[in-house]
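Me: I'm more at home with gels than with models. Could you walk me through reading this one, feature by feature?

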Amino acid sequence: MQDQDIAWMRQALALAEEVTNITTPNPRVGCVIVRDGVVLGVGATQPAGGPHAEVRALRDAAARGADVRGATAYVTLEPCSHFGRTPPCCDALVAAGLGRVVAAMGDPNPLVNGRGMARLRAAGIETASGVCEEAALALNIGFVARMSRGTPWAWLKTAASLDGRSALDNGRSQWITGPQAREDGHRWRARSCVVMTGIGTVLHDNPRLNVRALETPRQPRKVLIDGELRLPEDALLIEGAPLLVFTASDDAAKAERLVRRGVTVIRLPGDRPGTVDLPAVMQWLAQDGVNEVHVEAGPGLNGALLRAGCIDELISYVAPVLLGDAQPMARLPALDDLAQAQRFEFTDMARLGADLRLRARVAENWNALRDRVRLA
């Protein structure tokens, strides 16, 4: 791997980051075409049905009057090799006469999965991969999770005190953290495909759960876990972006009234009365094209998702305050031994005003997905 490869791939990643909130369910991809240290064309994947990054870069080069024959394309994901809503990108690169293609990581889509790079090599194009792999995976971790294991990548967002309390004993939590932390939380909402919460949060706070702190080209859909279908028919959550309600209730009349309000009601009962099968919810969402799930709920649902193994990452905002005997971030059973504890690895820490944002992930989940995108 050459230093220049890393530098150009970082430019491709920057292009991909610019389309973070618009490409779902497709991956976020950037492409830079270069020859002799000169950029010939750049592009990033557009919303579903629009051109992919490679095609955008080729069109940009054509608009500049640049000849790309023999040039190198740096792309953050292996070029696709199948017909979907658009033709295969690897065919476009071959037809353009590229001399070399460098991919940050492989595409785990079973319709691609190494075939894109193989077709490029078969056409006489030099290939390389693994450049800035970790950064590329982080940008598309949800897409990789959905394609590899059939569930989205889910992060649990919490705001808590130094002693791990997310609300007072009476349920009040506005506001434990400051405005900078709350704005950052909205950025994670905007990135996600869906924002998930539980019925307890809706009944207590009546939230909208939309993105308000920044401009966004789309609002993520909303998911409510409501085992007994207690959602008020005038709840603010129903307004705005589409709402999916997962329930165990067989109250057909209530479900029909919600459907008339534009709500989608899905019955997925769990193994206990009045509960929802949370792993089945994640599988349902993946089949519906959801890459990333942003969970913003109370201790009950937080704990249930953690116990069910549905959470891949924690995004925790910590305020420099002590709340004492108050509600926890997640309601989990007492342990008899430290060996029973759920383990995460820290990946990032940032100061936001007076607060800290800590990110931690399940290392095994990340490593398994990293292995899926490594090309031979």
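Me: Let's begin with the basics: how many helices and strands are there in the chain?

Reply: Bear in mind that this is a predicted model. The chain holds 12 helices and 16 strands.

Me: And how compact is the chain for its length?

Reply: You set the radius of gyration against a rule for globules. Here the radius is 23 Å, close to the 21 Å that the globule rule gives for 376 residues, so the chain is as compact as a globular protein of that length. If you'd like dimensions, the C-alpha trace spans about 65 × 45 × 40 Å along its principal axes.

Me: What share of the residues is buried?

Reply: The cut-off to keep in mind is that buried means under 20% relative accessible area. By that standard, 52% of the 376 residues are buried. As for the surface, the accessible area comes to about 17,100 Å², and 49% of it belongs to carbon and sulfur atoms.

Me: What about charge? How many positive and negative side chains are there?

Reply: Count both sets, then see where their centres lie. The chain has 43 positive and 43 negative side chains, and the two centres lie 3 Å apart.

Me: Which residues touch the most other members of the largest nonpolar core?

Reply: Those are Met9, Ile33, Val68 and Leu98, in a core of 55 residues. Helix 1, residues 3–18, gives the most to this core, with 6 residues. Zoom in on Met9: beyond residues up to four places away in sequence, its partners include Tyr74, Val102, Ala103, Val131 and Cys132. There's also a second, separate core of 29 residues, with Ile225, Leu244, Ile266 and Val276 among them.

Me: How much of the contact network joins residues 24 or more positions apart?

Reply: Take the contacts with a separation of 6 or more; residues 24 or more positions apart account for 71% of them. Sequence separation and distance in space are separate things to check. Arginine 374 and glycine 114 are 260 residues apart along the chain, with C-alpha atoms separated by 9.2 Å. For leucine 268 and alanine 66, 202 residues apart, the C-alpha separation is 55 Å.

Me: Where is leucine 268, and is it buried or exposed?

Reply: Leucine 268 sits in the loop between strand 11 (264–267) and helix 10 (278–287). Its relative accessibility is 19%, so leucine 268 counts as buried. Its contacts outside the four-place window include Phe246, Val276, Ala280, Val281 and Trp284.

Me: Now a helix. Why is helix 11 described as largely enclosed?

Reply: Start with the general geometry: an α-helix has 3.6 residues a turn, so residues three or four places apart point the same way. Then count what's covered. In helix 11, 7 of the 9 residues are buried, so the helix is largely enclosed by the rest of the structure. Pro299, Leu301, Gly303 and Leu306 are among the buried ones. Just after helix 11, glycine 309 takes a positive phi of about 75 degrees.

Me: And which residues does asparagine 302 contact?

Reply: Asparagine 302 belongs to helix 11 (residues 299–307), and at 2% relative accessibility it counts as buried. Setting aside neighbours within four places, asparagine 302 is in contact with Leu156, Thr158, Val295, Ala297, Met329 and Ala330.

Me: Last one: where does arginine 374 lie, and how exposed is it?

Reply: Look in the segment after helix 12 (363–372). Arginine 374 has a relative accessible area of 46%, so it is partly exposed.

Note on methods. Residues are numbered from 1 along each chain as its sequence is written. This is a predicted model: local features need pLDDT of at least 70, side-chain atom pairs count only at pLDDT 80 or more; totals for chains, interfaces and linings use all residues. Side-chain values use heavy atoms; hydrogens and water are left out. A nonpolar core is a set of buried Ala, Val, Leu, Ile, Met, Phe, Trp, Tyr and Cys residues joined through side-chain atoms within 4.5 Å. Buried means under 20% relative accessible area, exposed over 50%, partly exposed in between (1.4 Å probe, protein chains only). Helices (H or I, at least four residues) and strands (E, at least two) are DSSP runs, numbered from the N terminus. Contact means heavy atoms within 4.5 Å. The radius of gyration is taken over C-alpha atoms; the globule rule is 2.2 Å times the number of residues to the power 0.38. Accessible areas come from the Shrake-Rupley method with a 1.4 Å probe; for residues, only the protein chains shown count as cover. Lys and Arg count as positive and Asp and Glu as negative; His and the chain ends are not counted. The place of a charge is taken as NZ of Lys, CZ of Arg, CG of Asp or CD of Glu.
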